[in-house]
Amino acid sequence: MTNTKIVSPKQDILYMVILSAVVLTMPIWLQPFGAAYPDLMQKFMIFGIFAIGYNILFGLTGYLSFGHAAFLGVGSYTAVWSFKLLSMNVIPALIFGTVLSGLFALAIGFVSLRRSGIYFSILTLAFAQMSYNLAYSVLTPITNGETGLQLTQGDARILDRAAGIQADASLPTPNLFGIEGIGYSGFYICAALMLISFFIYLRIFRSPFGLKLRAIKSNQSRMGYTGYNTRPYLMTAFVISGMYAGLAGSLLAVTDPLAGAERMQWTASGEIVLITILGGVGTLIGPLLGAGVIKYFENILSAFNDTVLVNAFSFLPDWLANGVASVLGLFVGDGWHLTLGLVFMLIVIFLPGGIMEGINRLWRLVSNRSSSSAEDKEKEQPSTKEA
Amino acid sequence: MSEYILDVTDVDKNFGGLRALSDINLRVKEGTVHAIIGPNGAGKSTLLNVIVGRLAPNRGRVLLGDEVLTGKQPHEINQLGVARVFQTPEIFPDLSLLQNVMIPAFAKRDGEFKMGFLKSLFAENEIREQAEHLLEDVGLIDHQDQIASSMSRGDKRRLELAMCLGQRPKLFLLDEPTAGMSRHDTNRTIELLQRIKERGMTKVIIEHDMHVVFSLADRISVLAQGAIIAEGTPEEVRNDPRVKEAYLGGEAV
């Protein structure tokens, strides 16, 4: 759960190398799980970025924001506008999406961070719902309301036209100097950005700044009597996490150039809280795991339908197969949220530290067993509190 | 510059209809130890709360040297050089002892806010060595990687002492630093505080344990029902009949 050791930068480089290897080989090792298709892997990366950014706020400072989907939405809209007005190149889209979300976070944080605890959560929720409703009403000229913001043939794309790139009959796709933002290349763009984001996030965790954020979570009033003005620290964490969300939102638009207001709804804000808690609040890698697990099950379980289930149980007598299928049918397909809810309840009750706590417990169990059999191996099992 | 490091003038503090402090005047000379004693509910902790900015007084003002403290935020007052240990230890329970002591050291060096989120904690050798030194001073160095919440109450107190000492405050406020400690730990704390006394740090100390008070204090103020009823050297206070009546209750000291 907690990082009580001061870690050397060398260990962190090793950490990054391992993580990069795992992430970049995903198209291979995800195959047996049926998850190696680009759309899903892009989601893993994008929601991974969203979750680690959220963890900088929630995991380090303990401030529970219920409005982070607003930043995701702002990122998406900005990116699509960048595609429409400037260029189909993803770089301006990502930069504008991230920066604008950061500015938006600055404004919301300025008001919300005057309160803490439940009042802070409610304020962020109120702002996000406000943004959601505005996107459907007053801001329709910018957001295109219920239809969602889409690319059209007639878009200006000033930079592209100046560079002599003409759109042919079909709609252009976002690209990084010719590398398309969809399919496997899209996944690698997302993966590269996720790794860069993770590296910055790791540095924040390991910095005096990160330590101070954790001290705020631990005892905020002590921080005051110790000479710290906590507001600017919280503000910085809030804006950074808003920028991460904005980057994630822009990437959603890169992989699918379309932005709708539903991305800002409170359920989307709730999902990121869920992801972070499921993975392990305040742990380094937990939020990434949480994002992976939730997006995986969302895709796999919701793809099941009654026919698939009946076929799966066709070895049973008909009446029994139908019975089993209709009971299980409650938990899959559209009903997969029921499964998610149950899993979430179990996690919160039995593993409040999320998946990471489960992994740490298992690790301790295994290392205790092996150290009793082989004493000399003891030195090879450093504290597991690391991750 | 006045010769007093702490100068409390005409301070009143009311809670609703209750007058917690009335007309408090307190002057503490630089480099001395000033004890505040008095029965429970006399307003001792309230006075410290007014000094550190947790409470705003209804009347009066507090000076640190030539600096006005009244109306400032707690973090500003700390940055001016006032550190405090609380009656119940205020530490960072989720962090290791070493990290607990490093945080105040950062505040001393970097001020109330510093961004620098790409710098590694690992490279902060100076702060870490200083923190280790402080933990050694209070006898907690063997537990430096332990989580603070797992320590005993006495150890938490000593940890809090180390945290404040690392800031080398001009004025150090101690609210019952030995409450709940064993005789052995109390003696160790007295010894530690005496050592700091030699370093010339001004201290204001609230204490019930007369053994502690008389072995440390240069001057004593006696507080009863929100007012200072006596002030003087330990010898004077010990022999003051009003003090005996209000506080010591005729008990032989």
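**Exercise 1. Determine how helices H3(B) and H4(B) are oriented to each other, and describe the contact of H3(B) with H4(B) by class.**

Solution. H3(B) and H4(B) are oblique to each other. The reasoning behind this classification, in a model that is predicted, starts from the geometry of the two helices.

Step 1. H3(B) spans residues 97-110 and H4(B) spans residues 125-137; the two pack at an angle of about 120 degrees, with their axes 9 Å apart.

Step 2. Angles of 65 to 115 degrees count as roughly perpendicular and those over 145 as roughly antiparallel. The angle of about 120 degrees falls in neither class, and the pair is therefore oblique.

Step 3. The crossing of H3(B) with H4(B) is right-handed.

Step 4. On the H3(B) side, the residues in contact are Leu97(B), Leu98(B), Val101(B), Met102(B), Ala105(B), Phe106(B) and Arg109(B). They meet Ile127(B), Arg128(B), Gln130(B), Ala131(B), Glu132(B), Leu134(B) and Leu135(B) of H4(B). By class, this contact has ten nonpolar, one polar and three charged residues.

**Exercise 2. Carry out the corresponding analysis for H4(A) and H5(A): at what angle do their axes cross, and which residues meet?**

Solution.

Step 1. The axes of H4(A), residues 69-85, and H5(A), residues 90-112, cross at roughly 145 degrees and come within 8 Å.

Step 2. H4(A) passes H5(A) with right-handed geometry.

Step 3. From H4(A), the contact draws on Phe71(A), Val74(A), Gly75(A), Thr78(A), Ala79(A), Ser82(A) and Phe83(A). Their partners in H5(A) include Pro92(A), Leu94(A), Phe96(A), Gly97(A), Leu100(A) and Phe104(A).

Step 4. Sorted by class, the contact of H4(A) with H5(A) comprises eleven nonpolar and six polar residues, and no charged residue.

**Exercise 3. Assess whether chain B is compact or extended, using the radius of gyration.**

Solution.

Step 1. The secondary structure of chain B consists of nine helices and ten strands.

Step 2. For 253 residues, a compact globule would have a radius of gyration near 18 Å; the value for chain B is 19 Å, which agrees.

Step 3. Along the principal axes, the C-alpha atoms of chain B fill a box of roughly 60 × 40 × 35 Å.

Step 4. Of the residues of chain B, 46% count as buried. Among contacts in chain B with a separation of 6 or more, 68% are between residues 24 or more positions apart.

**Exercise 4. Apply the globule rule to chain A.**

Solution.

Step 1. Chain A has 18 helices and four strands. Its radius of gyration is 23 Å, close to the 21 Å that the globule rule gives for 387 residues, so chain A is as compact as a globular protein of that length.

Step 2. The box filled by the C-alpha atoms of chain A is roughly 75 × 70 × 40 Å along the principal axes.

Step 3. Buried residues amount to 44% of chain A. Of the contacts in chain A between residues at least 6 apart in sequence, 76% join residues at least 24 apart.

**Exercise 5. Characterise the side of chain B that touches chain A, and place Ile103(B) in its surroundings.**

Solution.

Step 1. The contact between the chains takes 31 residues from chain B and 30 residues from chain A. Helices H2 (74-80) and H3 of chain B each supply at least two residues of the chain B side, and the largest share, five residues, comes from H3(B).

Step 2. The chain B side divides into 17 nonpolar, seven polar and seven charged residues.

Step 3. Ile103(B) lies in helix H3 of chain B. Beyond residues up to four places away in sequence, Ile103(B) touches Leu211(A), Lys212(A), Ala215(A), Thr226(A) and Phe92(B).

Step 4. A residue is buried if 20 or more other C-beta atoms lie within 10 Å; Ile103(B), with 28 such neighbours, therefore counts as buried.

**Exercise 6. Decide whether Asn144(A) and Arg168(B) are buried, partly exposed or exposed, and locate both residues.**

Solution.

Step 1. Asn144(A) occupies the loop between helix H7 (140-143) and strand S1 (149-150) of chain A. Although not a glycine, Asn144(A) has a positive phi of about 60 degrees.

Step 2. Arg168(B) is placed in the loop between helix H5 (153-165) and strand S7 (171-175) of chain B. Its phi is positive, about 40 degrees, although Arg168(B) is not a glycine.

Step 3. With 18 other C-beta atoms within 10 Å, Asn144(A) is partly exposed. Arg168(B), with 14 C-beta neighbours inside 10 Å, also counts as partly exposed.

Technical notes
Residues numbered from 1 in each chain as written. Chains lettered and ligands numbered in written order. Predicted model: local features only at pLDDT ≥ 70, side-chain atom pairs only at ≥ 80, totals over all residues. Axes fitted to C-alpha atoms, helices over the stretch in contact; angles between N-to-C directions. Parallel < 35°, antiparallel > 145°, perpendicular 65-115°, else oblique. Left-handed = near helix turned anticlockwise from the far one by under 90°. Contact = placed C-beta atoms within 7 Å. Nonpolar A, V, L, I, M, F, W, Y, C, P; charged D, E, K, R; others polar. Rg over C-alpha atoms; globule rule 2.2 N^0.38 Å. Buried ≥ 20, exposed ≤ 12 C-beta atoms within 10 Å, placed from the backbone.
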